[in-house]
Amino acid sequence: METYENDSYSDESDCEDLHVPQLADDVPEEADDELDRELQAAHAAGLLTSTFIRHVPAPKPQINNKAGLEQKIEEMQQTDLDWSERLDVTIDVSEYKTAGDDEEGAESGKFDVNNDFKREVVFYEQAKSSSLFALDKLHKAGINTKRPEDYFAEMAKKDDHMKRLRQKLIIIQKRKEEADRNKKNFELRKYGKKVQIAVNLERQKKKRDMLNSVKKFQKGKSQKMDFLEEEGASAPATGGKGGSKGQPKTTHFQKLTENMKANGKGKRDHRNKKYGFGGKKRNTKSNTSESHSNSSGFKRNVHSNKKNQRPGKDRRAQTKNRA
C-alpha cells in the first residue's frame with residue numbers, strides 16, 4: 001500500500017499526543033472514524049491551512065448620508081454669486097419630448113429613450129432655447145455678447161512663429177504657381193510639337209509631290225511645268241521678288257535654290273563666328289607659283305655638292321658582286 005510522507009507540524013509542543021494522519025489510496029472503514037477525529041483535532045488546534053476553508057466577506061453596509069448630499073448640493077448651487085458669473089440656464093424640455101408624436105403617444109406622455117433621432121432633436125431644441133434665453137437675459141443686463149470690430153486679442157503664438165508660418169505659406173503658394181506654369185508650358189510644348197509635326201508632314205508631302213511631278217516630266221509622262229511655278233498667291237506689288245510689274249515671276253524651284261544657298265551660307269558664317277576659322281588643313285606643303293619661284297631659302301653649300309653620301313641599294317649590291 002502506497003503512503004504519503006508524514007507532514008511535520010511547526011508547533012510540536014502543542015500537539016505532542018496528536019497523531020498525524022497517513023493518507024492512502026485504500027483506507028479501511030475502521031480507520032475512517034479515527035481519521036475524522038484526527039482532522040477535527042487538527043482543525044481545533046488551528047493546524048489546518050486556510051485553503052480548506054473559504055471565508056465569505058460580510059456585506060458592506062449601505063450608507064445614505066442625506067444631510068451630506070444636501071450640503072454638497074447647496075455648495076454647488078453657488079447662490080451667493082451673480083447670474084452673470086454662473087450663467088446657468090434651466091429649460092423645460094417636456095414640450096420637445098412630445099413634439100411630433102401621434103395622439104396616443106401624446107396622451108400616454110411616455111418618451112422613447114431608444115429613439116436616437118428624437119433624443120438628438122430634444123438635445124438640439126434644448127440647446128437652442130437655452131442660448132436664446134441666455135442672450136436675451138444678457139442683453140437686458142447690458143452685457144455685450146459680440147466682439148467689437150477694433151478688438152485685438154493677444155495671440156497665443158509669437159510673431160516670429162507666425163512669420164515663419166507666413167513664409168512657409170508663401171513658399172507653398174509659389175510652388176503651386178510654378179507647378180501650374182510648368183504644366184501650362186508643357187501643354188503648350190505639346191501643342192507646338194503637334195503643330196510642328198503637322199507642318200513637317202505638309203512640307204514632306206509637297207516635296208514628295210514635286211519630286212513625283214519632276215520624275216513624270218523627265219520620263220515624258222507629263223508635259224506640265226506647274227511644279228516650277230510659285231505656289232500660293234502672288235506677293236504684293238510693292239515688295240517681294242517677282243512681285244513688281246514688268247518683272248518675271250520667281251519660280252518655286254528658284255526660290256528653293258536661293259533658300260538653300262542662303263541657309264548654307266548663314267550656317268557657315270554662324271559656325272565661323274562661334275568657333276572660329278582654323279585655316280586651311282589640306283595641301284599645306286604643296287608648292288605654289290610664288291613658292292616655286294622664290295629661291296631665297298636655297299643655300300648652295302647645304303643643298304648641293306653633298307659628300308659622303310651613302311650609295312643606293314642597287315649600287316651597294318653591284319659593288320659587292322664586283323668584290
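This is a short exchange about a predicted model of one protein chain.

Student: How many helices and how many strands does the chain have?
Tutor: Start with the order of elements. From the N terminus on, the run reads α at each place. The secondary structure comes to 11 helices and zero strands.

Student: What share of the chain's residues is buried?
Tutor: A residue counts as buried when its relative accessible area is under 20%. The chain has 323 residues. The buried share of them is 6%.

Student: What part of the accessible surface belongs to carbon and sulfur atoms?
Tutor: Take the total first. The accessible surface of the chain comes to about 31,500 Å². Of that, carbon and sulfur atoms hold 50%.

Student: Among contacts between residues at least 6 apart in sequence, what percentage join residues at least 24 apart?
Tutor: Two heavy atoms within 4.5 Å make a contact. Set aside pairs that do not reach 6 apart in sequence. Of the contacts left, those joining residues at least 24 apart make up 34%.

Student: How many salt bridges does the chain have?
Tutor: The rule asks for a side-chain nitrogen of Lys or Arg within 4 Å of a carboxyl oxygen of Asp or Glu. One of the pairs is Lys72 with Glu75, at 3.8 Å from N to O. The count by this rule is six.

Student: Why are Lys72 and Glu75 separated by about one helical turn?
Tutor: Their side chains meet in a salt bridge. Both residues belong to helix H2, residues 66–77. They are separated by about one turn because they sit three residues apart in helix H2.

Student: Is Glu75 buried, partly exposed or exposed?
Tutor: Buried means under 20%, and exposed means over 50%. Glu75 has a relative accessible area of 46%. That value lies in between, so Glu75 is partly exposed.

Student: Which residue forms a salt bridge with Arg119?
Tutor: Look in helix H6, residues 116–140. The partner lies three residues from Arg119, about one turn of the helix. The closest N and O atoms are 2.5 Å apart. Arg119 is partly exposed at 26%, and its partner is partly exposed at 48%. That partner is Asp116.

Student: Which helix holds both Lys205 and Asp209?
Tutor: Their side chains meet in a salt bridge at 3.4 Å, N to O. Lys205 is partly exposed at 47%, and Asp209 is partly exposed at 36%. The two are four residues apart, about one turn of the helix. The helix, residues 159–219, is H7.

Definitions and conventions. Residues are numbered from 1 along each chain as its sequence is written. This is a predicted model: local features need pLDDT of at least 70, side-chain atom pairs count only at pLDDT 80 or more; totals for chains, interfaces and linings use all residues. Side-chain values use heavy atoms; hydrogens and water are left out. Buried means under 20% relative accessible area, exposed over 50%, partly exposed in between (1.4 Å probe, protein chains only). Accessible areas come from the Shrake-Rupley method with a 1.4 Å probe; for residues, only the protein chains shown count as cover.
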